[in-house]
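Could you walk me through this model in the viewer, one selection at a time? I would like to know what to pick next and what is there.

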Amino acid sequence: MSAARTGPAFSVQDIPFSRSGSWFNISPVIAEQTYADDLHLVSHQTGMHPVLRLVPVLDGARVETTVAANPILLTWTVSGAPRDRAGQGPGKIELVYESTDTVRLRGEGLGLRVIAAESALTPFSGTYLYRDPVDGAHVFTVYETGRRYRVTVLAGDGAEITGSQQLGTAERALHLPESGGLWEIAIEEYDSGRPPYHRTASFGQVVDAARVEFDAFVEAVAPWRSERTPAARLAAYVLWSATVRPAGFVRRPAVLMSKHWMDKVWSWDHCFNALALADGLPALAWDQFQLPFDHQDQAGALPDSVTHSEILYNYVKPPIHGWALRRIRSLMPEPLPRAELEAAYQRLERWTRFWLDTRRAPGHDIPHYHHGNDSGWDNATAFDPERVVETADLSAFLVLQMRTLTQLAEDLGDETAAARWTHAADTLRAALIEQLWDSARERFVARGAQSGRRRPSSSLLDLMPVVLGNELPAEVMAALAQRIKTHLTAYGLATEHPSSPHYQSDGYWRGPVWAPSTVLIEDGLRRGGYADLADEISARFRLLCETSGFAENFDAHSGAALRDRAYTWTASAYLILAAAHEERASALP
């Protein structure tokens, strides 16, 4: 059996094996920070649910295996077994995605048990197994996902079924023994019914087709890659493999934040994925940007998050969308059609008015957050004294958002609206400097929306107004740049000052390095005239990803990957920064 030669290799302990369009993946991660001994088919329809356990066996017993993965092929081999000159052991199992809802597996010299992950079947939970009298396939029906998983045997003798039609608690499994010679199966995820499975391509042809599709994606999103950007191909895989087809509440092709437990689209994370895709795959990028706006509520607010079977409105996310849209439009190879511009203007205007109309206390010029979750910096120390606060980052984002509304209005020929938004942006920027800039301490502060108390913090959040770039007074920009330097460790920007008594190495927004703050600050510094500092921040973050992968966040002192290890906005941040760096390098004489 031949293996795909498409790299890079990665560990399924960190990055799930999947493909674009699929709602399931193959991984040992079966819940938040929970790792099983065996790989599972894990579905993300109606939530994250381990469905089938895939257990390699020899002589009927589970055997320890080594798992190898690249973007195309997943392989099990017996651990510690002697290898021949070609590196092949005595047995092997291979898995490849044939389509978004079907995987093909084949094995020789090594058997496999496909076992229902949940052994207890109740009237409202668990898995039921039966053999379909229509085609002889073995079907697992799963309450948790509301879907069926059909296993069709394509080759091999001696397949055995256990627990067919059993009720209550029982093992439900299909056993493919190694003694039956080369065996092959197809596993499909589907709803209530479909025609019997028919093989239309050989295993090798399926591998080749998957390679072509992934290579085309890489070429589209990272045509600039070189030996100077060694993580570009893996970053592209993280995005490609986390993409799902429209289903449930997800009305467009969507890049989830992860196919681990962070299997949603949050309403600021999506902007970074859209930016990474804008140049090479503009239609997919536009879908990413628009997706939360598909669920904009009557007040104009975007949901906190969207996924297959859930939309949450109890929090929101920061309004970085004007900042993002301006950059997306600059990267797209063709202008957006007028109809899309009109729709974008209307949606962005409603989102901006939400903050101005519902998030400003009477008599206040500055809008406020209700909780750290609204800012995206859930537990940042800026929210320790009070949660309902007027923070400088929020107003800075809204100033940029109103500048984008001005540009959109001008492009649409509405000079009256353009003038209105210009005035609104100028007014809010002036209020931001006058009310939240502490000139004596040369820093921004947060102010309680009810108490009126002004407080500084040691959080990087206080420095986020740097995103305004050259809109800031020179002395303010200089002070922010100087303070940003003090947050910069060997691995990037610590979200809590490293000398702070509140710093925590794995403290979420109280210390670790994060992708979004890095991209936003790097961009603001560059537009504000501090290109050297921006270059250094970009270089350190890119090296961090090349060394530690694409985790949700990273230890600012060691660079260790933390939390979810396959986070798409981190991969996108790498692609955004690497693409810009390569463009600058190519422009040098």
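## First stop: α3 and α5

Start by selecting α3 and α5, whose axes lie 9 Å apart and pack at an angle of about 10°. An angle under 35 degrees counts as roughly parallel, so α3 runs roughly parallel to α5. Keep in mind throughout that this is a predicted model.

Now show side chains for the contact. From α3, pick His270, Cys271, Phe272, Ala274 and Leu275; they meet His321, Trp323, Ala324, Arg327, Ile328 and Leu331 in α5. Colour the contact of α3 with α5 by class and you will find eight nonpolar, two polar and one charged residues.

Stay with α3 (residues 269-277) a moment longer and colour by accessibility. How many of its nine residues are buried? Nine of the nine are, so this helix is largely enclosed by the rest of the structure. Besides residues already on screen, the buried set of α3 includes Asp269, Asn273, Ala276 and Leu277.

## Next: α4

Move on to helix α4, residues 282-290. Seven of its nine residues are buried, so α4 too is largely enclosed by the rest of the structure. Select Leu284, Ala285, Trp286, Asp287, Gln288, Phe289 and Gln290 to see the buried ones. What do they pack against? Turn on α1 (203-221), β17 (254-255), α3, α5 (321-331) and α6 (338-358), and you have the partners of these buried residues. Your first two helices, α3 and α5, are thus back in view as neighbours of α4.

## Then: the pair α8 and α9

Select 392-411 for helix α8 and 415-436 for helix α9; they pack at an angle of about 165°, with axes 8 Å apart. Since angles over 145 degrees count as roughly antiparallel, α8 is roughly antiparallel to α9. Is the crossing left-handed or right-handed? For α8 and α9 it is left-handed.

To see the contact, display side chains on both helices. On α8, the residues involved include Leu398, Val399, Met402, Arg403 and Leu405; on α9, Trp421, Leu428, Arg429, Leu432 and Leu436 are among them. The residues of the contact between α8 and α9 divide into 15 nonpolar, three polar and five charged.

## A small sheet

Now select β21, β24 and β25. These three strands form an open sheet in the order β21-β24-β25, with antiparallel pairing. Which strands are at the edges? They are β21 (389-390) and β25 (454-455), each pairing on one side only. Zoom in on β24 (residues 446-448), which pairs with β25 over two bridges in the antiparallel sense. To find one bridge, pick Ala446 and look across to its partner in β25, Arg455.

## Last stop: two positive phi values

Most residues other than glycine have a negative phi. Two exceptions close the tour.

- Select Asp59, in the loop between β3 (49-58) and β4 (61-62). Its phi is near 55°, and Asp59 is exposed, with a relative accessible area of 73%.
- Select Glu442, in the loop between β22 (437-438) and β23 (443-444). Its phi is positive, about 50°, although Glu442 is not a glycine. Glu442 is partly exposed, at a relative accessible area of 47%.

Definitions and conventions. Residues are numbered from 1 along each chain as its sequence is written. This is a predicted model: local features need pLDDT of at least 70, side-chain atom pairs count only at pLDDT 80 or more; totals for chains, interfaces and linings use all residues. Side-chain values use heavy atoms; hydrogens and water are left out. Axes are lines fitted to C-alpha atoms, for helices over the stretch in contact, and angles run from 0 to 180 degrees between N-to-C directions. Helices (H or I, at least four residues) and strands (E, at least two) are DSSP runs, numbered from the N terminus. Angles under 35 degrees count as roughly parallel, over 145 as roughly antiparallel, 65 to 115 as roughly perpendicular and the rest as oblique. A crossing is left-handed if the near helix is turned anticlockwise from the far one by less than a right angle, and right-handed if clockwise. Contact means heavy atoms within 4.5 Å. Ala, Val, Leu, Ile, Met, Phe, Trp, Tyr, Cys and Pro count as nonpolar, Asp, Glu, Lys and Arg as charged, and the others, Gly among them, as polar. Two strands pair if DSSP finds at least two bridges between them. Buried means under 20% relative accessible area, exposed over 50%, partly exposed in between (1.4 Å probe, protein chains only).
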